[in-house]
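Here is a guided walk through a protein model for a first-year reader. Have the sequence and the 3D view open, and follow along one element at a time.

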Protein chains: 2
Amino acid sequence: MKTLVVCSGGLDSVTLAYKVAEESEVDSLMSFNYGQRHTTELDYARRCAEKLSVPHDIVDIRSIGQLLSGSALTDNIEVPDGHYEEESMRVTVVPNRNAIMLSIVFGAAAARACDAVAIAVHGGDHFIYPDCRPDFIDSFQKMQDHALNGVHSVKLLAPFVNIDKAEVVRQGAALGVPFIDTWSCYQGSGHHCGRCGTCVERREAFALAGVDDPTHYHDEDFWKQAIAQYDHKRP
Amino acid sequence: MKTLVVCSGGLDSVTLAYKVAEESEVDSLMSFNYGQRHTTELDYARRCAEKLSVPHDIVDIRSIGQLLSGSALTDNIEVPDGHYEEESMRVTVVPNRNAIMLSIVFGAAAARACDAVAIAVHGGDHFIYPDCRPDFIDSFQKMQDHALNGVHSVKLLAPFVNIDKAEVVRQGAALGVPFIDTWSCYQGSGHHCGRCGTCVERREAFALAGVDDPTHYHDEDFWKQAIAQYDHKRP
């Protein structure tokens, strides 16, 4: 099954690329420059494509990013510190980001006669991001079945949609994913900041998975405090 | 109801803009440059925005158009002459075009807190283009309800989806749409060619509607021949 993998260069999507390469066939990786401040991640997607010896496309959709203003990921709004599932992380929502990226990838997959598209949304994304939930994934497949009816059928794979990030780390470790070559931080400077939602989530996932975290964080200790604070509020 | 109107500058979408302006409120018009050879149409969308005194955005998605190669609308493949509903018109399919454009427009509509998005797909589009059919429209709304759950609810309006182009012309005439300021031709040079699928469809729609067609066609007579040939094959 020839699969086009949406790969941001993050831990989840790089693990997904390795998983697809192991289980079937990667057609290529596709990344998006939507004006995110952490474009560093795109270098990590490139490294992943090189390691897997597959083509890599970076699609420049900055003109679209400008239309979706109001998110801390694209605008001059401060990226909040804390736990990824905190209410305060809602400022990192880029409205309709996954629907936009997936519809572009499905168009490319149809043009290249790929059998499937794979995306690395996982269970921990559900609280903040509606376009990472199983219902969204199911409805997106149905929409695409209509949109490409008679053109070319493409299946949407989201193998992590019902597992948490710790389980993604476990699977990645089993697949031999070089985690040092993945990028999570929303701040996007030289090292992982260790304080933003995705840094805290990354650190916690390694700890829960019982896998060594090779990442260098600018603030090595903040994550424990963020998790302790969040634990008071967990339902 | 503040509505963002997808407007290519064609007869259908300009009529739609006038209809929305008459019945509720146009937030703005949004057009796409996806590398189509008939970018002339974008000037007509601009004219429509000026007439209605609303903002106009042209979103440059040429980088995406390159991924969707293989269509006569974007590549160096000859645009076929003939009737719009002929099998030969399949080369004008740009895979997933409406899903891509609509998902971008929904993202913008959510960012701007619009109530609705309007698109001018009509009954005559159904045969060739799967992403113009009522099933696609319904499934797209469901997908968006999931993708923007808790962010901002946006309704998809497709008031022409069950009527033919002749009825669009009738409604446009009643609304006082300046048809001379709309562009249909896929060839995209100075005058409408009169031979491509959309020129033939436009001419036929005016004739069926009993409305004067103010358009100057390079080939004034070809449409009758194309329709006569197609009529032999109509189911």
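## The sheet of chain A

In chain A, five strands form an open sheet in the order β3-β2-β1-β4-β5, and their pairing is parallel. Its edges are β3 (56-60) and β5 (155-157) of chain A; each has a single partner strand, so one side of each is left without a neighbour in the sheet. From one strand to the next, the twist averages 25°. Please keep in mind that this is a predicted model.

Now look at one pair of strands. Strand β1 (residues 2-6) and strand β2 (residues 25-33) of chain A run parallel and are joined by five bridges. Within this pair, K2(A) stands opposite E25(A) in β2(A).

Two helices that pack on this sheet deserve a look. One is helix α1 (residues 11-23) of chain A, which touches β1, β2 and β4 (116-118) of chain A. Its direction makes about 170° with that of β1(A). Another is helix α4 (residues 97-111) of chain A, which touches β1, β2, β3 and β4 of chain A. The direction of α4(A) makes about 155° with that of β1(A).

## Chain A as a whole

How many helices and strands are there in chain A? There are eight helices and five strands. If you read along the sequence, the pattern is β-α-β-α-β-α-α-β-α-β-α-α-α. Chain A has 235 residues, and buried residues make up 52% of them. Consider next the contacts in chain A between residues at least 6 apart in sequence: 71% of these join residues at least 24 apart.

## One helix and its buried side

Which residues of helix α6 (residues 165-175) of chain A are buried? They are K165(A), A166(A), V168(A), V169(A) and G172(A). These residues cover an arc of only 155° around the axis, so they sit on the same side of α6(A). Among the elements that cover the buried residues of α6(A) are α1 and α7 (197-209) of chain A. After α6(A) comes G176(A), whose phi is positive, near 75°.

## Strands of chain B

Let us turn to chain B. Four of the five residues in strand β1 (residues 2-6) of chain B are buried, so this strand is mostly covered. β1(B) pairs in the parallel sense with strand β2 (residues 25-33) of chain B, over five bridges. Here K2(B) stands opposite E25(B) in β2(B). Together, β1(B), helix α1 (residues 11-23) of chain B and β2(B) make a right-handed β-α-β unit.

β1(B) also runs parallel to strand β4 (residues 116-118) of chain B, and three bridges join them. The bridge partner of V5(B) in β4(B) is A118(B).

## Where the chains meet

Between the two chains, 37 residues of chain B are in contact with 38 residues of chain A. On the side of chain B that touches chain A, the elements giving two or more residues are β3 (56-60), α3 (62-65), α4 (97-111) and α5 (134-147) of chain B. Of these, α4(B) gives the most, with 10 residues. Sorted by class, this side of chain B has 20 nonpolar, 12 polar and five charged residues.

## Three residues to find

Most residues other than glycine have a negative phi. A113(A) has a positive phi, though it is a residue other than glycine, and so does N96(B). The table lists these two.

| Residue | Phi | Location | C-beta atoms within 10 Å |
|---|---|---|---|
| A113(A) | near 55° | loop between α4 and β4 of chain A | 11 |
| N96(B) | near 70° | loop between α3 and α4 of chain B | 30 |

Is A113(A) buried or exposed? A113(A) is exposed, because it has 11 other C-beta atoms within 10 Å and a residue counts as exposed at 12 or fewer. N96(B), with 30 such neighbours, counts as buried, because the cut-off for that is 20 or more.

Finally, find D231(B) in helix α8 (residues 222-231) of chain B. D231(B) is exposed, because 9 other C-beta atoms lie within 10 Å. Its C-alpha atom and that of H83(B) are separated by 9.4 Å, although the two residues are 148 residues apart along the chain.

Notes. Residues numbered from 1 in each chain as written. Chains lettered and ligands numbered in written order. Predicted model: local features only at pLDDT ≥ 70, side-chain atom pairs only at ≥ 80, totals over all residues. Pairing = 2+ DSSP bridges. Right-handed = clockwise from strand over helix to strand, strands pointing away. Axes fitted to C-alpha atoms, helices over the stretch in contact; angles between N-to-C directions. Contact = placed C-beta atoms within 7 Å. Nonpolar A, V, L, I, M, F, W, Y, C, P; charged D, E, K, R; others polar. Arc of directions from axis to C-beta.
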